[in-house]
There are 2 protein chains.
Amino acid sequence: MAKIEVIKRSGMREPFKAEKVRKAVMRAGASEKLAEKVVEKVKRNIYDGITTNEIYNIAFKFLDKERYSIASLYDLKRAIMRLGPAGYSFETYIGEILREHNHRVMVRQILRGMCVEHEIDIISYNGSNGYTLIECKYHNKEGIYTGLKPVLYTYARYLDLCERWESDRDCIRFGSVMLVTNTKFSSKAIQYAKCRGIELLGWRYPKDNGINSLIESKGLYPLTILRKIDPVSKRKFADANIMLIKDLVYMKLEELSMKTNIPENKLRDIVDEAKNIIY
Amino acid sequence: MAKIEVIKRSGMREPFKAEKVRKAVMRAGASEKLAEKVVEKVKRNIYDGITTNEIYNIAFKFLDKERYSIASLYDLKRAIMRLGPAGYSFETYIGEILREHNHRVMVRQILRGMCVEHEIDIISYNGSNGYTLIECKYHNKEGIYTGLKPVLYTYARYLDLCERWESDRDCIRFGSVMLVTNTKFSSKAIQYAKCRGIELLGWRYPKDNGINSLIESKGLYPLTILRKIDPVSKRKFADANIMLIKDLVYMKLEELSMKTNIPENKLRDIVDEAKNIIY
């Protein structure tokens, strides 16, 4: 094969690596054999200067024909990007994920700091580690890094709350501080966070324990991963605060219909798709 | 007149105040008589539930017929919003404004802080007050407030630079810190800034000494206030780093043509419009 370079979202070029495609597809649950077929399909269609997005589309289309459910899970990153338009808040989703990983979680709390009141996206409590202040930074476009500024303001917010605690011991004492995003972090953001002791959680960051791993390890896929669902129903689920496909599968159709105001026959199709994906 | 309420950009309603229109038009240089005519025109066209933007448009159209130059200056806020699309950076413009107000100014400098390197929008030096760290926050849409987050990250950046100075006295010592924007500030942003000693400069903030006053008092109107100028010429001016209509008027046509690569006959029309506006 002639020398093939891929253009990443950042505009940078790098040599095409079949291994990256293989891994991503297997992460979504494909067998080694299926992953190999996807790689072959991609190889037959790439050319020098192809974008990573085009490669993604080739793989997704092929998977969609072969194994619908795996194609859906492969689509996780974009499903999260669709949270906003569907009416879900990113911090609510992150809250759900942390809850499923045994944190006690409060979402959107107002707390007084030294200078001003802050709306805190998430306060998490985890036994030995005490309270963690969690700021959520959501991007609804792909190809964006979370840069230095969100880490800077997260730190300033943390300071303001710590100083309040210094002067008024009745306040919450935050033992740690974290920034969660659905993208990667810029190297400067990482450098600053390390220097200030701010934890970072992002897309494949930390490498084997990123937000994607927390989702995949417990099957906490958002409802926006379903593709046979109309926008009105999506909105109704959002209003009923149901955001994981897991919840769809475990709830009784009757109860679900009462909570969401979606007729049972319509719900049946949606739940079938959900089952199809997670089993 | 029946009870007329106006819907502000924030979505809030307030009673229509003729005085606001009058003041804005007079600030752009209109006589009391002309301002009165504008107010009458607006009064004849308003209705309950009109938006502030529609009121603006009625006044602007009327002024445009009556006194072209005043209409242009009345348009200052939007002209600043047009800086970005025209290829100008907001921090360059703010730098120019501060220079004309007797500050020594450096734009886009990289400085090491305690944790990371920072790109500083503006460093200003002003004799007795020493160095000021200036962060610029530009909005290219109307109706947006500059909120708490930019003030938080400005403060965190300032801290990081101060801490570097503590450990390495060869660095710049910033005596003060400022956030400049082309919008207003939210009340929380103002509260936090006061508490931390951060200076704020925004649209009509501080009330009689906002960025608009700094512009108007010395006629530092941006080139984007001209309306008879095509996008290509705008870009050429931007490339030549000419951003004030003042500069157009004082430079020789020949020199201007050499710097910008715009033919002299075309330049003549543009300069005529500029003269028309500021004289």
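Contact here means heavy atoms within 4.5 Å. With that in hand, a walk through this predicted model can begin at helix 1 of chain B, whose buried residues pack against three partners in chain B, namely helix 2 (32-45), helix 3 (52-66) and helix 4 (68-74). The residues in question are Ala18(B), Val21(B), Arg22(B), Ala24(B) and Val25(B), within a helix that runs over residues 18-27. Because these residues cover an arc of only 165° around the axis, they fall on the same side of helix 1 of chain B. After the helix comes Gly29(B), with a positive phi near 110°.

A comparable description can be given for helix 11 of chain B, which spans residues 231-239 and has Ser233(B), Lys234(B), Phe237(B) and Ala238(B) as buried residues. Here the arc around the axis is only 145°, so the buried residues lie on the same side of helix 11 of chain B. Val232(B) and Asp239(B), on the other side of this helix, are exposed. The cover over the buried residues of helix 11 of chain B includes helix 6 (83-86), helix 12 (245-250), helix 13 (253-260) and helix 14 (264-278) of chain B. Just after helix 11 of chain B, a positive phi of about 65° is found at Asn241(B).

Attention now turns to the pairing between the chains. Two packed helices are described by the angle between their axes and the distance between the axes. For helix 8 (residues 148-167) of chain A and helix 8 (residues 148-167) of chain B, the angle is about 85° and the axes are 7 Å apart. The two helices are therefore roughly perpendicular, since angles of 65 to 115 degrees count as such. From chain A, helix 8 brings Leu148(A), Lys149(A), Leu152(A), Tyr153(A), Ala156(A), Arg157(A) and Leu159(A) to the contact, where they meet Leu148(B), Lys149(B), Leu152(B), Tyr153(B), Ala156(B), Arg157(B) and Leu159(B) of helix 8 of chain B. The residues of this contact comprise ten nonpolar and four charged ones, with no polar residues.

A final stop is a single residue of chain A. Glu14(A) sits in strand 2 (residues 13-15) of chain A. Its relative accessibility is 16%, so Glu14(A) counts as buried, the cut-off being under 20%. The side chain of Glu14(A) makes a polar contact of 3.2 Å with the side chain of Lys20(A). Setting aside neighbours within four places in sequence, the residues in contact with Glu14(A) are Ile4(A), Glu5(A), Val6(A), Lys8(A) and, once again, Lys20(A).

Key
Residues numbered from 1 in each chain as written. Chains lettered and ligands numbered in written order. Predicted model: local features only at pLDDT ≥ 70, side-chain atom pairs only at ≥ 80, totals over all residues. Heavy atoms only, no water. Buried < 20%, exposed > 50% of the residue type's maximum accessible area, 1.4 Å probe, protein only. Helix = DSSP H or I, 4+ residues; strand = E, 2+ residues; numbered from the N terminus. Arc of directions from axis to C-beta. Polar contact = N/O pair within 3.5 Å; in protein donor to acceptor, adjacent residues only side chain to side chain. Axes fitted to C-alpha atoms, helices over the stretch in contact; angles between N-to-C directions. Parallel < 35°, antiparallel > 145°, perpendicular 65-115°, else oblique. Nonpolar A, V, L, I, M, F, W, Y, C, P; charged D, E, K, R; others polar.
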